[in-house]
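Student: Hi, could we go through this structure together? I'd like to ask things as they come up.
Tutor: Of course, let's put it on the screen and begin.

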Amino acid sequence: MRHPFPRSRSGFTLIELLVVIAIIAILIGLLLPAVQKVREAAARMKCSNNLKQLALALHTYHDANDRYPPYYPKFLGTTDPKRYTENWSFLLLPYLEQTAIYNQTIPDRTTYDNLVRHRVVPAYVCPSNPQPTTYTGATPAIALGSYLGVTGRQRSDWKAPPAGFNADTGIMAVTDVNGGPIKVNVASVTDGLSNTLAFAERPAAVDQQWGWILRGSPNLDSIGWAQFTSADTQISGVTGCVFPMYFQAPLNPPSMCDTYHFWSYHTGGGNFALGDGSVRFFRYQAGPTVIVPMSTRAMGEVVPNE
Amino acid sequence: MMCLIRPAVVAAALALTGCGEKTTDVTGKVTYKGKALVYGNVAILDGGPAPKGGAIQPDGTYRVSGVRLGVHKVAVSSAPPPGSDATKKSTDRRDMDDERTTAPVIPAPPEVLKGWFAIPDKYGDPAKSELTMDVKPGQPFDLDLK
């Protein structure tokens with residue numbers, strides 16, 4: 001006679017399986033935030049390393065040319081490719097292992113657009129920035145950057161330069177009021193290279209119309225200022241922003257108003273590359289007190305300790 | 001049991017809100033040489049991660065929310081309102097780019113366009129404005145620019 005049930009069963013009941021699965025799920029749940037944090041830390045590190053590369057490229061460029069790279073010669077025809085090739089974001093390419101882009105023959109702006117503007121340069125993109133790397137609303141696409149060259153204290157300075165300057169007050173300030181080049185080299189930085197900013201973080205505008213790193217106009221595309229008041233030229237169609245702006249926390253969520261000022265996707269502040277090649281993290285609170293005096297090359301301000 | 005938990009939750013909530021930094025809303029009226037401003041913003045540098053700001057209403061009043069208590073620098077700016085003549089002529093060749101699409105300009109209300117006037121740029125820069133404010137709870141603060 002056979003037993004209706006086997007004496008010893010092999011396998012697990014449904015309840016046992018569910019309990020085991022639940023335990024595994026809880027353990028994975030504990031692990032995920034930790035993994036996410038490590039990913040963020042890695043992105044932050046890559047982001048500041050990019051700034052380091054930019055600062056070193058700036059030094060190498062200076063060694064070869066005895067001047068800092070210019071930005072955007074003024075009063076050029078709108079079809080002149082020099083609008084974009086005489087800009088730090090293009091001139092530093094050979095020093096960022098992008099010689100292939102730099103060495104192309106560029107007779108006119110159409111050629112420039114076809115050959116250069118869509119190229120995403122890894123050193124110009126901060127991995128903490130969740131934005132796309134190109135603006136695809138134009139053909140060819142336009143690469144977006146996460147960094148700006150620091151051009152000085154305030155945008156209106158180049159129209160009414162303070163005493164001792166003939167244009168912008170930063171180290172990337174290289175056209176005078178008539179559009180002629182100004183030679184700014186290490187000797188011009190009397191505030192000291194360790195007290196002068198070279199590059200800052202600023203993700204592209206939320207509508208992706210600013211931050212065109214290789215096709216800067218270059219107002220807020222590849223350069224920026226430490227302070228922005230309403231007396232400076234404003235972005236057309238953007239209203240309701242609170243002026244003045246400094247290096248400061250973005251709105252939540254970031255808005256078009258955040259296009260004006262330096263900020264980052266890191267928590268509580270952002271990284272800056274200094275003229276001496278170092279990269280430092282500043283808290284947003286340092287915007288008016290530390291970043292403004294550090295944005296100029298020769299105004300002799302006392303930079304307070306942060 | 002329930003009657004024990006509920007007071008505990010309330011107490012915890014009160015304790016949590018009490019821990020935050022003391023802030024207040026600042027209100028008042030902005031005038032320049034006795035005339036009320038109709039457009040612009042008031043910004044208070046209260047040492048936070050970003051300046052606190054509030055828009056100036058067409059009647060000259062403003063409200064800035066969540067300002068830390070204490071003495072702070074203040075800036076008042078009044079850019080030309082959108083759609084005014086001053087914004088139309090201020091095109092700068094350096095900013096032009098034929099491929100950039102910008103958001104359409106929505107003009108300010110007619111009373112703002114009519115009543116707007118420029119104030120000196122220095123009031124927009126807290127380092128030069130010479131305006132300070134001792135922020136205390138519940139105290140209005142009128143700004144009279146000279």
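Student: Let me start with a single residue: is A103(B) buried, partly exposed or exposed?
Tutor: A103(B) counts as partly exposed, because its relative accessible area is 35%. Please keep in mind throughout that this is a predicted model, so the values come from computed coordinates.

Student: Okay, and where is A103(B) found?
Tutor: A103(B) sits in the loop between α2 (85-89) and α3 (110-115) of chain B. Leaving out residues up to four places away in sequence, A103(B) touches S236(A) and G237(A).

Student: Those partners belong to the other chain, so how many residues does each chain give to the contact?
Tutor: Chain B contributes 33 residues and chain A contributes 47 residues. The area buried between chain B and chain A is about 3000 Å², with carbon and sulfur atoms giving 48% of that area.

Student: How many salt bridges and polar contacts cross that interface?
Tutor: The rule finds zero salt bridges across the interface of chain B and chain A, while it does find four residue pairs in polar contact there, with both residues at pLDDT 80 or more. On the side of chain B that touches chain A, the elements giving two or more residues are β3 (41-45), β4 (52-55) and β6 (70-77) of chain B. The largest share, three residues, comes from β3(B).

Student: What classes of residue make up that side of chain B?
Tutor: The side of chain B that touches chain A has 13 nonpolar residues, together with ten polar and ten charged ones.

Student: Zooming out a bit, how many helices and strands does chain B have?
Tutor: Chain B has four helices and eight strands, and along the sequence they follow the pattern α-β-β-β-β-β-β-α-α-α-β-β. Of the 146 residues of chain B, 36% count as buried.

Student: Back to salt bridges, then: how many are there over all chains?
Tutor: There are nine salt bridges over all chains. One of them joins the side chains of D25(B) and R63(B), at 3.0 Å from N to O. Because D25(B) lies in strand β1 (residues 23-32) of chain B and R63(B) in strand β5 (residues 61-68) of chain B, this pair ties together parts that are 38 residues apart in sequence.

Student: And how accessible are D25(B) and R63(B)?
Tutor: D25(B) is partly exposed, with a relative accessible area of 33%, and R63(B) also counts as partly exposed, at 48% relative accessibility.

Student: Which residue forms a salt bridge with R117(A)?
Tutor: R117(A) forms a salt bridge with D113(A), where the closest N and O atoms are 3.5 Å apart. Both R117(A) and D113(A) are buried.

Student: New topic: how many aromatic pairs does the whole structure have?
Tutor: The search finds 17 aromatic pairs over all chains. As one example, F90(A) and Y112(A) have ring centres 5.9 Å apart and planes at 55°, so this pair is tilted. F90(A) is in helix α3 (residues 88-91) of chain A and Y112(A) is in helix α5 (residues 109-115) of chain A, so the pair links distant parts of the chain, 22 residues apart. Both F90(A) and Y112(A) are buried.

Student: What about F243(A) and Y260(A), what kind of pair do they form?
Tutor: F243(A) and Y260(A) form an edge-to-face pair, 5.2 Å centre to centre and with 70° between the planes. F243(A) is buried, with a relative accessible area of 4%, and Y260(A) is buried, with a relative accessible area of 1%.

Student: Which residues form an aromatic cluster?
Tutor: One aromatic cluster is formed by F247(A), F262(A), F272(A), F282(A) and Y284(A).

Student: Last one: why is α6 of chain A described as largely enclosed?
Tutor: Helix α6 (residues 287-294) of chain A has six of its eight residues buried, so it is largely enclosed by the rest of the structure. The buried residues are G287(A), V290(A), I291(A), V292(A), P293(A) and M294(A), and they pack against β4 (197-201), β6 and β7 (279-283) of chain A.

Notes. Residues are numbered from 1 along each chain as its sequence is written. Chains are lettered from A and ligands numbered from 1 in the order in which they are written. Side-chain values use heavy atoms; hydrogens and water are left out. Contact means heavy atoms within 4.5 Å. Buried area is the accessible area (1.4 Å probe) that two parts lose on being put together, summed over both. A salt bridge is a side-chain nitrogen of Lys or Arg within 4 Å of a carboxyl oxygen of Asp or Glu. A polar contact is a pair of N or O atoms within 3.5 Å; within protein, one must be able to donate a hydrogen and the other to accept it, and residues adjacent in sequence count only if both atoms are side-chain atoms. Ala, Val, Leu, Ile, Met, Phe, Trp, Tyr, Cys and Pro count as nonpolar, Asp, Glu, Lys and Arg as charged, and the others, Gly among them, as polar. Rings of Phe, Tyr and Trp (its six-membered ring) pair if their centres lie within 6.5 Å; planes under 30 degrees apart count as stacked, over 60 as edge-to-face and the rest as tilted. Buried means under 20% relative accessible area, exposed over 50%, partly exposed in between (1.4 Å probe, protein chains only).
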